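Here is a short report on one chain. It starts with a pair of strands and works outward.

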Amino acid sequence: MDSPGTPLISRRDALIAGAAAAAAVSSTAPAAAAPAPASAAAVPLMKLSLSVNGQARTLELDTRVTLLDALREHLRLTGTKKGCDHGQCGACTVIVDGRRINACLTLAVMHEGAQVTTIEGLGTPQRMHPMQAAFVKHDGYQCGYCTPGQICSAVSVLDEIKRGVPSHVSADLTARPLLSAEELRERMSGNICRCGAYSNIVDAMTEVAGSRT
Ligand code: FES
Ligand code: FES
């Protein structure tokens, strides 16, 4: 008689039985649809011509490549940063046909013939754009990771205000927007700075705009 602690079936027998059952099922079940292997020939490529920082550029890209990856990985313009890659941080902000956009949220092939300006096109260390110089003067950065996006955004914000584009905090949608700190903060709210350089960024923008907060 088996003692209470003695198993009725050994572990080895259980493994053999399990393997035999699995083999039986696999031999009778219909073959599961295996995912088709990705074929290089199936990658959809498209030619793209655009102007980047005043230079004509032609690329042949997978149609799924974002403008951000086209700039960074294909044109080697790594000044534009990838933060979230989901439209939430603003690190990838560039100026396309005079409007700031998140380059991670748009496909490169949607911009045939566009004029793209990145941080490299605004200025150089030797010849800085006034906004770049103001960021340096006012310590508008610490680690600098968000800074290219902040500067592209800041340049566009002043242009938007000049063109009379209202924001969510503009009291009068028909009046010329104010160059107030509240307006600047609202308009820059899509550009996140983990170092918290926000007030210095507003100071830099205010100086470039030629007014005081
Ligand atoms: S990387 Fe584009 S918004 Fe964050
Ligand atoms: S300067 Fe570091 S994230 Fe903005």
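## The S3–S4 pair

Strands S3 and S4 run antiparallel and are joined by 4 bridges. This is a predicted model. S3 covers residues 93-96, and S4 covers residues 99-102. Two of the facing positions can be named. Threonine 93 sits opposite asparagine 102 of S4. Isoleucine 95 sits opposite arginine 100, also in S4.

In a regular strand, side chains alternate between the two faces of the sheet.

## The turn at aspartate 97

S3 and S4 form a hairpin with 2 residues between the strands. Aspartate 97 lies in this loop. Its phi is positive, near 50°.

Is aspartate 97 buried or exposed? It counts as exposed, because it has 12 C-beta neighbours inside 10 Å, and the cut-off for exposed is 12 or fewer. Beyond the residues within four places in sequence, aspartate 97 is in contact with Ala114 and Gln115. Gln115 belongs to strand S5, which spans residues 115-117. Serine 51 is 46 residues away from aspartate 97 along the chain, yet their C-alpha atoms are separated by 9.9 Å.

## The other partner of S3

S3 also pairs with S5. These two strands run antiparallel, with 2 bridges between them. Isoleucine 95 takes part here too: its bridge partner in S5 is threonine 117. Isoleucine 95 therefore faces arginine 100 in S4 and threonine 117 in S5, as the order S5-S3-S4 within the sheet leads one to expect.

## The whole sheet

How many strands make up the sheet, and in what order? There are 5, in the order S2-S1-S5-S3-S4. The sheet is open and its pairing is mixed. S2 (55-62) and S4 stand at the edges. Each has a single partner strand, so one side of each is left without a neighbour in the sheet. From one strand to the next, the twist averages 40°.

A helix covers part of this sheet. H5, residues 147-162, lies across S3 and S4. It runs at about 40° to S3.

## The chain as a whole

The chain has 7 helices and 5 strands. Along the sequence they follow the pattern α-β-β-α-β-β-β-α-α-α-α-α. The chain has 213 residues, and 31% of them count as buried. Among contacts with a separation of 6 or more, 57% are between residues 24 or more positions apart.

Terms used:
Residues are numbered from 1 along each chain as its sequence is written. Chains are lettered from A and ligands numbered from 1 in the order in which they are written. This is a predicted model: local features need pLDDT of at least 70, side-chain atom pairs count only at pLDDT 80 or more; totals for chains, interfaces and linings use all residues. A residue is buried if 20 or more other C-beta atoms lie within 10 Å of its own, exposed if 12 or fewer, and partly exposed in between; C-beta atoms are placed from the backbone. Two residues are in contact if their C-beta atoms, placed from the backbone, lie within 7 Å. Two strands pair if DSSP finds at least two bridges between them. Axes are lines fitted to C-alpha atoms, for helices over the stretch in contact, and angles run from 0 to 180 degrees between N-to-C directions.
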